[in-house]
Amino acid sequence: MTGELRAVLFDSGGVLIRPIGGRWNQRADFEAYAISAVLGCRKPDPRMYRHASDALGLRAAECVFVDDDPELVAAAIELGCSGRALCRDGVPAGGRGRRSRSSRT
């Protein structure tokens, strides 16, 4: 499916899927959800990442995981996903100043 973007929302406790003042329509933007409170685990537990790829019917190698925590991105890469760590203001999450693993080839 070249060119098609599909997305899963990861969330701890369902906070992000509640209405947020009409900023964006989460139900339309995401095809599936990986919610910690529902799955009984949190990232970097492999079950979170596998739930996401399974929900899309994709293999890990067909997925890209994006997060602002480089350790969570590294966990996805270890499972076979590509990964991208977002840097806010040029510093990885937590202000640790580490460089993140950005992708797996």
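Reader: Which elements does the cover of the buried residues of α3 include?

Author: This is a predicted model, in which local features need pLDDT of at least 70 and side-chain atom pairs count only at pLDDT 80 or more, while totals for chains, interfaces and linings use all residues. Residues are numbered from 1 along each chain as its sequence is written, and side-chain values use heavy atoms, without hydrogens or water. Helices (H or I, at least four residues) and strands (E, at least two) are DSSP runs numbered from the N terminus, and contact means heavy atoms within 4.5 Å. What covers the buried residues of α3 includes α2, α4 (70-78), β1 (8-11), β2 (32-35) and β3 (64-67).

Reader: Why do the buried residues of α3 lie on the same side, and what arc do they cover?

Author: Buried means under 20% relative accessible area, exposed over 50% and partly exposed in between (1.4 Å probe, protein chains only). In α3 the buried residues are Met48, Tyr49, Ala52, Ser53 and Leu56. They are on the same side of α3 because the arc they cover around the axis, taken from the directions from the helix axis to the C-beta atoms, is only 125°.

Reader: Which residue just after α3 takes a positive phi?

Author: The helix α3 spans 46-56. Just after α3, a positive phi of about 70° is taken by Gly57.

Reader: Which peptide bond is cis, and what is its omega near?

Author: Pro44 sits in the loop that links α2 (36-39) to α3. The cis bond runs from Lys43 to Pro44, with omega near 15°.

Reader: Which residue of β2 stands opposite Leu9?

Author: Val8 and Phe10 on one side of β1, and Leu9 and Asp11 on the other, are all buried, and both faces of β1 are covered. The strands β1 and β2 run parallel and are joined by four bridges; two strands pair if DSSP finds at least two bridges between them. Opposite Leu9, in β2, stands Tyr33.

Reader: In what order do the elements of the chain run?

Author: The chain has four helices and four strands. Starting at the N terminus, their order is β-α-β-α-α-β-α-β.

Reader: How many contacts beyond near neighbours in sequence does the stretch 95-105 have in the model?

Author: The predictor's confidence in each residue is the pLDDT, from 0 to 100. The chain has a mean pLDDT of 77, with 67% of its residues at 70 or more. Over residues 95-105 the pLDDT is below 50, and the number of contacts of this stretch in the model, beyond near neighbours in sequence, is 26.
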